[in-house]
Amino acid sequence: MSYFADVKQSPKKSSNKKESTSKVYVVKSGDTLSGIAKRYGTTVAKLTQINGIKNPNKIYVGQKIKVTGSTARKSIAKYHTVKSGDTVSELAFKYGSTQKQIQNWNNLSNPNKIYVGQKLRVK
């Protein structure tokens, strides 16, 4: 069973006739909006905005959540191999991420403990 659907959207009355394609995620049992946001490299705030969700703690099995589109940012994962002297905060600054994002993407329980040779997702 597929949990994704491509949805074609007509542009809002404008002279631009170009259509945009959005990816839609269908909520499964146990899903949270924060988990979906993490999976797609976006934020809960962006998902609530593009989907008109009033309460991010209330999503329902079978609900269709748009995860990409004109207001969602595209996530192209970038990785960095840790070198001597690297810190999570410096990597976050260098790649335009946040320490918290890098910590979450890499399941770091302590962002102060990274190791030379470790491959980290940084964007």
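**Exercise 1.** In this predicted model, find which residues Ile59 is in contact with, leaving aside its neighbours within four places in sequence.

*Solution.* Step 1: set aside the residues within four places of Ile59 in sequence. Step 2: look for heavy atoms within 4.5 Å. The residues in contact with Ile59 are then Val27, Asp31, Thr32, Leu33, Ile36, Ile53 and Ile65. Step 3: place Ile59 in the wider picture. Ile59 belongs to the largest nonpolar core, which has 12 residues, including Val27, Leu33, Ile36, Ile53 and Ile65. Helix H1 (33–39) and helix H2 (44–51) each give two or more residues to this core, and H1 supplies the largest share, three residues. Another core, of 11 residues, lies apart from it; Val88, Ile102, Leu108 and Ile114 are among them.

**Exercise 2.** Explain why the buried residues of helix H3 are on the same side of the helix.

*Solution.* Step 1: list the buried residues of H3 (residues 88–95): Val88, Leu91, Ala92 and Tyr95. Step 2: recall that an α-helix has 3.6 residues a turn, so residues three or four places apart point the same way. Step 3: check the arc. The buried residues cover only 100 degrees around the axis, which puts them on the same side of H3. Step 4: inspect the other side of H3, where Phe93 and Lys94 are exposed. Step 5: identify what covers the buried residues; strand S4 (79–81), H4 and S5 are included.

**Exercise 3.** Describe the backbone and surroundings of Asn107.

*Solution.* Step 1: Asn107 is not a glycine, yet its phi is positive, about 50 degrees. Step 2: Asn107 sits in the loop between helix H4 (99–105) and strand S5 (119–121). Step 3: its relative accessible area is 65%. Exposed means over 50%, so Asn107 is exposed.

Conventions
Residues are numbered from 1 along each chain as its sequence is written. This is a predicted model: local features need pLDDT of at least 70, side-chain atom pairs count only at pLDDT 80 or more; totals for chains, interfaces and linings use all residues. Side-chain values use heavy atoms; hydrogens and water are left out. Helices (H or I, at least four residues) and strands (E, at least two) are DSSP runs, numbered from the N terminus. Buried means under 20% relative accessible area, exposed over 50%, partly exposed in between (1.4 Å probe, protein chains only). A nonpolar core is a set of buried Ala, Val, Leu, Ile, Met, Phe, Trp, Tyr and Cys residues joined through side-chain atoms within 4.5 Å. The arc is that of the directions from the helix axis to the C-beta atoms.
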